[in-house]
Amino acid sequence: MPLNRDVLWYKDAIVYQVHVRTFHDSNGDGIGDFQGLEGKLDYLEELAINAIWLMPFFPSPLRDDGYDIADYNAVHSSYGTLEDFRKFLGSAHDRGIRVIIELVSNHTSDQHLWFQESRSSKDNPRRDWYVWSDTDTRYKGARIIFLDTETSNWAWDPISKSFYWHRFFSHQPDLNYDNPAVREQMWNVMKFWLEMGVDAFRLDAVPYLVEREGTNCENLPETHDVLKELRRKLDEHFPGRMLLAEANQWPADLRPYFGDGDEFHMAFHFPLMPRMFMGLKLEDRKPITEILQQTPEIPPSCQWSLFLRNHDELTLEMVTDMERDYMYDMYAGSKTMRLNLGIRRRLAPLLDNDRRRIELMNGMLMSLPGTPIIYYGDEIGMGDNINLGDRNGVRTPMQWNGGWNGGFSTAAPERLYAPLIEDPVYGYPAVNVLRQKASEHSLLNWMQSIVTVRKSTTVFGRGSIEFLYPANHRILAYVRRLGNEVVLVVNNLSSTAQAVELDLRRYKGNILIEMFGKNIFPRVGDLPYLLTMGPYQFYWFRLRRI
Amino acid sequence: MLLEARLHDGAVFRTETKVAEESYLTDDFLRQLMNVGEVDILVGLPTHNNAKTVGSIVHTIQSGILRGFPRERAVIINADGGSRDGTPELVTGVSIDDVRPASNLQALRTLHSISTKYASSSRSASGAFRTILAAAELLRPKACVVMSPESANIQPEWLSKLLRPIFDDGFDLVTPIYRRHKFQGLLITNLLYPMTRALYGLRIREAYSPEFGFSGRLGSQFLGQNVWSDETEGAGVELRFTLAAITGKYRICQSFLGDKDRIERRAVDLVPALRQTAGALFSALEPDFPVWSVVTGSQPAPTTGSDQEVLLEALRVNRKRLREMFLAGIAELESVFQSILSPSTLAELQSIAHLGEEEFRYPAELWVRTVYEFAASYQKSVISRDHIIQALAPLFRGRMFTFLTENRNASAGDVEKNIEDLCLVFERLKPYLLQLWKTRE
């Protein structure tokens, strides 16, 4: 299947997020690699996803799972070679699957040659590629993000006897984007991959590119200038490619990252995700409708990116203290499940492995405005291992079958980059791709079904949304509309059966066609449309005037 | 999923008729309850023409919920007796968003306020209470509270104080204790509290209150009792609720709320008040006889919060008028008293009626005997029960005169001691009531 030529392809995409290390090991060294990933593209094609987002695969000391890059223009030897990547990319494109890679633009590893040169001497030409200071008192307004490990945003470098600026781990010095050479170099990095055929970049930690005294050093106009410059070059030289922003901010603060359609094409909607979990636990649509009401309009060419879980902790930065306490109590009873301001758990354990809730959450993910991202393994309900440090508990090997190492690798188990999940509920003998493929009603097959239904219309990716506010607050209902195409989505957030009356008078005369079974429901009349819904049930209805 | 097949002919959910002949909840109210669904906290708000106060009361309730129960599912049920001043609209119109900015509070959930007009003769708030209990029956709350639509000094903390013992500690009924002026609530201190305590053996200071908390199971049990007939409707159903909790051996505690309104917001006629309290208490004695007849002495009820202490500021009370009404009653109702009171009690009352203002005293023992004889007569229905209650009014005024006189310069401790002494007289003379009861049989 060739790639579609639509420059707005990202609006209709279903993205699958995976770390090459975790997916499949082709050479038996215990670490997933590009040949292994390429070998599993058929699986992803069957799942019907049409974009892959790869976590960093570049040379790195791996002190932050690859987000500490030591060389932007190469592939980490554990994962293969540049040639392996090229081959994988071509195979993905052959299947109509686009590839999004990481551009960790804010910082490098302290092992990167640029930093090694920068710290070597104050006279080094690359000295100004990073943010140096004689004191650690500058930019006091900037918060510390990794509260569990860092006490300051400055770190002392004994070699050059100066402090360097880092918003994340101290081994990740921030690049100095006030330096035109850095900006030019970062464009060169992008160009390197774009010329190879990469379809998009996920730009990591974009709010922090530029620092200014007297500010919180986040979302600064100068940062937007840097990003706009990159976008301009991208459009000029590589039209149809896409930039995705990682900016864990409130919706109003995120809005500038779209600019006038001249900055990012997409941005993650971070505040929505925890509120979906909150709404589910509260059995109340309020958290979800509230945050979406606060979400500003974005330019027509732009898109939100939605997710339930990813490689990081379930971030609770964008919630109030009260909401955070609630989320901790409801979803992270054990303190070992908490990390920084978040919860380091996968989707299935968060939802008590309740198939109905997993389906409902995925139903909302696929039907709310935005491009959904599925985190690898969540399509089969993989578990996590909270005994592994940092966020490694949600980055364990993919579970392909119930055999040796879950089909991930032929290596000795002790050589695996991380142990497989082995507990009785989520362990690979119980939860694996092979088993679920064989079961008609497995979560995997259900996921394939919902992705297919979602892709059957562009209304979910491109349509407007209008919330209905039925008196029953346990029901989250909305109408998605694109031209003449209208889809009604009704979600029961409650663990019990609910009746709901929907005011559909403006759609009087339409019949409802349930999109999964394609069954016809009665015509909309003058009266409220009554539905009774089972626990955690949801419906997608196509409205047709026939 | 079921689709309502009759939707298009409109037969099902859009009528205003009752769901069944015997139902006292309208379909519209049921539909609202359906939308609310199961809750953790239910706040009942009975109203009737309370537009002047109800808006701020609802704000306070919402604030109390946000502060005390931010995570719980909560609903405010307004049972209105047919207000013509827009009270229900005010209740449902108060937005939670009005509360949040001022108090820096946040609601995690939807907070519902729904209103219904209760089907009742509106003789009392019993129709409202029944509606609230019915809503509780359907919404299955863990804890409920009824709040007065008139309390001028209601505080957000009152909700927690009335609900927490139920929510956290498994109590079934939480009655309030207020800090009152020493001359406030005389019907409670001189009749209701001491007599309830003597009869049922539990020291509940405010057995009849416009604010109280209760568990869903107590509400459900009481809703099923035969107390809602036309004959008894309006007769202090809140007091009967407390008595039902005692006789049903539910767990009861008291919670100190704070200051009670210093000045009643509207003058309450004594006779209706007596109907609601003494009348309800007297009428409960027959069904509750197996319980109270074997009780001796009394036990304190568990109490949370500070001890109540009466306030002592000067308060102008027209004592002279009270005595005049007592004297007029003695003179005009002699034939009525003859059928209610024993000859000796009547003679003593006539005797004190001849005393001058300075010497006038209505002694505690005589007062207790009077009340007990009224209770027994009420049961015998020697004359119309309503006439019996009306006849008690002038005598109570005489007792009020004495209480005011005796406590005019009393300290808080003295006042409390005098109330306690009266309670002990009620307890000591309880055999006299039993004797009257046996005589009746």
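**Exercise 1.** Which exposed residues does the face of H12(B) turned away from its buried side carry? Work on the predicted model.

*Solution.*
Step 1. Check the helix length. H12 of chain B covers residues 319–332, 14 residues in total. At 1.5 Å a residue, they should span 20 Å, and the end C-alpha atoms are 20 Å apart, so the two values agree.
Step 2. List the buried residues of H12(B): B:Leu322, B:Arg323, B:Phe326 and B:Gly329.
Step 3. Look down the axis of H12(B). The buried residues fall within an arc of 120°, so they line one face of the helix. An α-helix has 3.6 residues a turn, so residues three or four places apart point the same way.
Step 4. Find the cover. Helix H16 (385–406) of chain B is included in what covers the buried residues of H12(B).
Step 5. Turn to the face away from the buried side. There sit the exposed residues B:Lys320, B:Arg321, B:Ala331 and B:Glu332.

**Exercise 2.** Determine whether A:Glu283 is buried or exposed, and place it in the chain.

*Solution.*
Step 1. A:Glu283 lies in the loop between helix H9 (272–282) and helix H10 (286–293) of chain A.
Step 2. Its phi is positive, about 55°, although A:Glu283 is not a glycine.
Step 3. Count neighbours. A:Glu283 has 21 C-beta neighbours inside 10 Å, so it counts as buried.

**Exercise 3.** Do the same for A:Asn405.

*Solution.*
Step 1. A:Asn405 is in the loop between strand E14 (371–375) and helix H14 (433–438) of chain A.
Step 2. A:Asn405 is not a glycine, yet has a positive phi of about 50°.
Step 3. With 22 C-beta neighbours inside 10 Å, A:Asn405 counts as buried.

Terms used: Residues numbered from 1 in each chain as written. Chains lettered and ligands numbered in written order. Predicted model: local features only at pLDDT ≥ 70, side-chain atom pairs only at ≥ 80, totals over all residues. Helix = DSSP H or I, 4+ residues; strand = E, 2+ residues; numbered from the N terminus. Expected span 1.5 Å × (residues − 1). Buried ≥ 20, exposed ≤ 12 C-beta atoms within 10 Å, placed from the backbone. Arc of directions from axis to C-beta. Contact = placed C-beta atoms within 7 Å.
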